[in-house]
Amino acid sequence: MTGEGAVATLPAGYANGENDMDGATTLTGGCLCGAVRYETRGESFLVNHCHCHSCRKNNGGPVVTLAGFKASQVTFSGAPRRIYNSSPGVSRAFCGTCGTPLTWEGDSGSLGAIVELHISTFDQPERLVPSAHAFYSERIAWFDVADGLPRYSGFVDGSTPLRHGPADEGLPTTA
Ligand SMILES: [Zn+2]
Ligand SMILES: [Zn+2]
């Protein structure tokens with residue numbers, strides 16, 4: 001394990017971690033109770049905040065941060081993860097013991113089968129740095145963060161972001 005002190009020197013988006021024999025980065029994580037564990041190998045193709053209604057409902061928080069990997073980069077161990085199919089072709093995995101939401105899993109199109117892991121289930125989430133906001137148009141109106149990252153109306157797909165940085169119209173006021 002490398003120390004926390006190394007994190008600050010990493011360039012944005014660089015996923016540090018343990019390196020195996022051929023230099024691929026591996027990261028580990030799991031649920032709150034530890035029954036379900038996973039390991040990722042190689043770089044995440046995207047780390048992003050998702051404001052969509054489904055992710056928020058699934059997670060319970062005002063925003064969800066996910067790190068995406070090809071399914072072939074992710075190995076699960078321990079207890080089998082439970083799967084909830086939240087929409088056709090979309091699986092959301094969780095721990096059957098403690099209920100921790102773990103993944104969004106589905107077919108991404110160009111990358112094939114992908115597994116997006118909830119950032120706070122990683123043992124060292126600091127090592128995966130977000131680069132964008134997805135489904136900004138669905139965010140809770142009072143929620144924003146003071147980063148300068150691009151904010152997309154829907155998926156982070158190469159389209160023109162709605163904006164960079166937090167909304168400037170201010171927070172909503174109660175009636
Ligand atoms: Zn668990
Ligand atoms: Zn989402």
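**Exercises on a predicted β-rich chain**

Strand S7, residues 82–87, lies largely in the open, because the number of its 6 residues that are buried is 0. The model examined here is predicted. The exercises begin with this strand and then turn to the core, a loop residue and the chain as a whole.

**Exercise 1.** Determine which strand pairs with S7 and how the two run.

*Solution.*
Step 1. The partner is strand S8 (residues 90–94), joined to S7 by 5 bridges.
Step 2. The two strands run antiparallel, and within the pair Ile83 stands opposite Ala93 of S8.
Step 3. S7 and S8 form a hairpin with 2 residues between them. In the turn, Gly89 has a positive phi of about 85°.

**Exercise 2.** Describe the largest nonpolar core and identify which strand gives the most to it.

*Solution.*
Step 1. This core has 28 residues, and Cys50, Leu66, Ala67, Leu102 and Leu117 are those with the most contacts inside it.
Step 2. At least two core residues come from each of S3 (36–41), S4 (46–50), S5 (64–70) and S10.
Step 3. With 4 residues, S5 gives the most.
Step 4. Leu102 can then be followed outward: beyond four places in sequence, the residues it touches include Leu117, Cys31, Val36 and Ala93. Ala93 also stands opposite Ile83 in the hairpin of Exercise 1.

**Exercise 3.** Establish whether Asp123 is buried or exposed, and where in the chain it is placed.

*Solution.*
Step 1. Asp123 is in the loop between strand S10 (113–118) and strand S11 (132–134).
Step 2. A residue counts as exposed if 12 or fewer other C-beta atoms lie within 10 Å of its own. Asp123 has 12 such neighbours and is therefore exposed.
Step 3. Apart from neighbours within four places in sequence, Asp123 is in contact with Thr28 and Gly29.
Step 4. The C-alpha atoms of Asp123 and Leu27 are separated by 7.8 Å, although the two residues are 96 apart along the chain.

**Exercise 4.** Characterise the chain as a whole and state where its coordinates call for caution.

*Solution.*
Step 1. The chain has 1 helix and 13 strands; from the N terminus, four strands precede the helix in the order β-β-β-β-α-β-β-β-β-β-β-β-β-β.
Step 2. Of the 175 residues, 30% are buried. Among contacts between residues at least 6 apart in sequence, 50% join residues at least 24 apart.
Step 3. Mean pLDDT is 88, with 84% of residues at 70 or more, but over residues 1–16 pLDDT stays under 50.
Step 4. Where pLDDT is low, predicted coordinates should not be read in detail.

Notes:
Residues numbered from 1 in each chain as written. Chains lettered and ligands numbered in written order. Predicted model: local features only at pLDDT ≥ 70, side-chain atom pairs only at ≥ 80, totals over all residues. Buried ≥ 20, exposed ≤ 12 C-beta atoms within 10 Å, placed from the backbone. Contact = placed C-beta atoms within 7 Å. pLDDT = per-residue confidence, 0-100. Pairing = 2+ DSSP bridges. Core = buried A, V, L, I, M, F, W, Y, C linked by C-beta atoms within 7 Å.
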